[in-house]
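Let's take a walk through a protein model together. Have a look at the picture and get your bearings before reading on.

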Amino acid sequence: MKKIIVLLFVLMLPVAALADKPKFLEHRYEYKLEDVLKADKYEKKDRYWEAYTAGKLVGYVLLSKDWTKQHVGYAGKHMETLIGFDTKGQITGVKVVFHAEPIVLIGLKEENYDNFMKQYKGMAITQGMSVGNEIKMDAITGATVTAVVQNAIIAESARKVASMSGIIQHAHQKSHKLSKKFEALSWKDLMDSGAVKNIVVTQEEIGQGGKEPYIDLFFGLVAPPSIGKNVLGERAYADAMDTLKEGESAVFIFSNGPGSFKGSGFARGGVFERFNLEQDDKSYVFTDKDYKILTDIAAKGSPALREGGIFIIRAKDFDQSKPFKLKLVIGYRAGNEKKFKPAVSDYKLPDKFMEQ
Amino acid sequence: MSIDRRNFLKYLGMAGAVAGTSLLVSEGIKAKGKDAIGPASAEAQTKPQKHDYEVKPGELDSYYGFWSGGHSGEVRILGLPSMREIKRIPVFNMDVGTGYGITNESKALLKGKFCGDTHHVHGSYKNGVYDGKYLFVNDKLNNRVARIRCDYMEVDKILDVPNIQGMHGLFTQRHPKTEWLVVNSEFQIPVPNNTPSQAPSQYNGCHTVIDAEKMEVVCQILMDENMDLAATDYGGRYSMTTSYNIEKGVTVSEMLGSDYDYMLVFHWDRIKKALSDGKFKMVGGVKVLDGRAGKSDLTIRIKIPKNPHGINVSPDGKYAVCSGKVAPTCSVVAIDKIEDVFNGKIKPEDCIVAQPYIGLGPLHTTFDGKGNAITSVFIDSTNVKWNVQKAIDNEKLPEEKKKNSHIIDVLDVNYQVGHIMATMAETKEADGQWLVSLNKFSKDRFLNVGPLKNECEQLVDITGDKLKIVHDSAAYIEPHDCIIVRRDIIEKVVKDRFNMFENPLAVTKSGVERKGNKVTVKLTANAPVFGLQEVQLKKGDEVTVIVTNHDEISDLGHGFALSNYNINFVVAPFQTKSVTFTADKPGVYWAYCTNFCHALHLEMRMRLIVT
């Protein structure tokens, strides 16, 4: 009997996810490959097309669902996107083929979505492509979850294909195992070593005067015992590590100041739209299923915290021993206008927390 | 009861002062009144402590408090130290908000009985500390035990217990883990209860042992005495109870007849052996062993002055403290001497290592984990902090005992305390941070809201020598007892969503199935739509609606309410519930979502068309 239940569970799960979702918000569009990249011949490869003009390779076309299906928007569905870029790694066009984002609920139309997507044309995928920075939210103000996820879909899908075709070359980094050693470290030790990184956005930077931070944010990896145990405390560290499955990792993030990195989007759509991690071509967005609230920091001399969380990276391709970025898009109000301030920090686990 | 409540209390007070002439109450104690100790006063307070009770917006509490709800029939979860009520769990009551008592699943639990009187909530243990698996609570009114799963914080089982009335004093096994729990019967009745003409002298109480996993009665131990509060030791060897009606009285004065009553101890290994030896009779469908005096070796009786009430075991596992109620003392019983009593090596009373004066009407004792006990004193309306070792030592120092030097502080509480409980106090890890005084009267502590008032629960800082009230909170009818559990123990267990397929009814595809006049309407709920927009029914159809919430986002619940059909319930993320009704009213009836879910929550509705 038990076996049958397990089997049913496995069989029914995808069905459950698809069953009876609201259809009235779904939009599916016809598309041709030339919608995103003009060429006279498209050659089908494994999960993308090579585009040729007069026999010469001019670029690549791909469908995002073949590359980044794990990124789902507010509606819990992947926004299928057709993406084209040239051989220099410049985006030639993007087009949404399917989405179910409920932008109508905040008074937006499909043409607003189109306008948002138009910005991508001409962007260099080898460079930054951050929402709030190169990519403006103006067209779909309010639909922050949609914008952040859509951006992750385009950037990550394009970069993955660009890596395969040699446009992006990554310096080969050797992967290391994390050290299991524990050393008692104070907050200052952790900061000095680079085990904990800090991002500050001042009031001044968002045009609100004053040198005080609008947000003063700290983050780091949970798993290395000399980081996690010192930051979270023995008990909370053990509890956090207990919840991680094989191959999963976690970061802690906490902040002070009036600005919020958590926002409230996760309360509605489940997605944290104000921050994500990036490593190589990959982008990691978090949902409320990956989140555990963090309210106390154990490390000696640590600052207080106004809000915090432990965020689990479910994807097994994240490598804790390799560099990654934390990207922030902090929302704020200038008068009655909603604005966004991007910020980024590199993180590289110091060698002493790894086995050499 | 012919005497009204206030007069009865006065009567109790008188009895304590006048009739407290038991041999076990020392002369020195009787001569002393509460004035000898002196109430806590503002001047006496220590300097303000850093210990912060304010939980600011965005901060979380450090403890989960699990509260009984008395005759509201529910269990509540409070956060400490904020004392914010975080959740109400319907248990033996009907709750029209969540649909408990309306859905088929909850009806199967309640079996038509939705009056309840919850007294004692206790958690399941592993090695003397809560393991965060279950909570158990008794229903004094309909004699049931409910189990709450801590992962979902909902009731999953209710057990009807036969042969008893006035179910009281639930307690769970503490060591090595909770396999058994016990409940008492405060009211003696004929066992079995099928001879109404039986003389009260033939009535019995039963100590009931329940299997915590199976939620079945393991056995009952038939007693002459009634049994009030219960406790288990930290060794997995005994359950213990107080009895206040060894007289088998059926009126107040009869129950006060004897100068002493008992602390009763039940020997679990001997109970197990008696069961395997087949020494039970089947009564009311359960195995009943005879625990009456002279009938078996399963129990011992330790004389305690007049009508004791609470029994609480110190976190070091050494002592059981019986609070005197009518006697102004607590009796401290050394648990390591109990085995010798069972083996006939010493007399039962030789286990009592101290009997310190506490005040008028000691009811319950809790512990700070630093060797101190704090006892609630009803008639004096105080919490009394005293040192257990000092009380024991003073038994050999008559001068010290006369001075009541075991008493560290006396705190006036507002007003008339019943139970008290300190943080983690019923575990090996009692941490002496906070105490809650569950006072039975609020009187003038809150805005006047008419003759029927809430109770007043006071948060007390117990980190210093002096007890210090830091917060009053109002509590609806009528918590009796609580446990206060460190946050990390529960936090890692409790879930944000149900496992959808744990419920075999879970709907994955909406649709309508008809078999004759039996119609099953299967609905998914996904903000902001139900899986069907309309359902056609015929008058007289027996309709079962099953709703599964397909939203995975934490806290995104949906309601299903059917206009003019008196139906409402809420499904939490991935939860499934069902309801069955007869479509007896022709017409168009809107079903709608009652639990706010989405910007288009108001549009989340569908029609049931009955022709």
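What follows starts with chain A as a whole and then moves to one sheet in chain B.

Keep in mind that this is a predicted model. So what is chain A built from? Its secondary structure adds up to seven helices and 15 strands. Those pieces are packed about as you'd hope for a globular protein: the globule rule gives 21 Å for 356 residues, and chain A has a radius of gyration of 22 Å, which is close to that, so chain A is as compact as a globular protein of that length. If you'd like a feel for its extent, the C-alpha trace of chain A spans about 65 × 60 × 45 Å along its principal axes.

How much of chain A is buried? Of its 356 residues, 42% count as buried. You can also ask how far along the sequence the contact partners sit. Take the contacts in chain A between residues at least 6 apart in sequence: 65% of them join residues at least 24 apart.

Now hop over to chain B and find an open sheet of four strands. Reading across, the order is β26-β27-β28-β29, and the pairing is antiparallel. Which strands form the edges? They are β26 (417–422) and β29 (468–475) of chain B, and each of these pairs on one side only. From one strand to the next, the twist averages 20°.

Zoom in on one pair in this sheet. Strand β28 of chain B, residues 455–461, runs antiparallel to β29(B), and seven bridges link the two. To pick out one of the bridge partners yourself, find E455(B): its partner in β29(B) is A475(B).

Technical notes:
Residues are numbered from 1 along each chain as its sequence is written. Chains are lettered from A and ligands numbered from 1 in the order in which they are written. This is a predicted model: local features need pLDDT of at least 70, side-chain atom pairs count only at pLDDT 80 or more; totals for chains, interfaces and linings use all residues. Two strands pair if DSSP finds at least two bridges between them. Axes are lines fitted to C-alpha atoms, for helices over the stretch in contact, and angles run from 0 to 180 degrees between N-to-C directions. The radius of gyration is taken over C-alpha atoms; the globule rule is 2.2 Å times the number of residues to the power 0.38. A residue is buried if 20 or more other C-beta atoms lie within 10 Å of its own, exposed if 12 or fewer, and partly exposed in between; C-beta atoms are placed from the backbone. Two residues are in contact if their C-beta atoms, placed from the backbone, lie within 7 Å.
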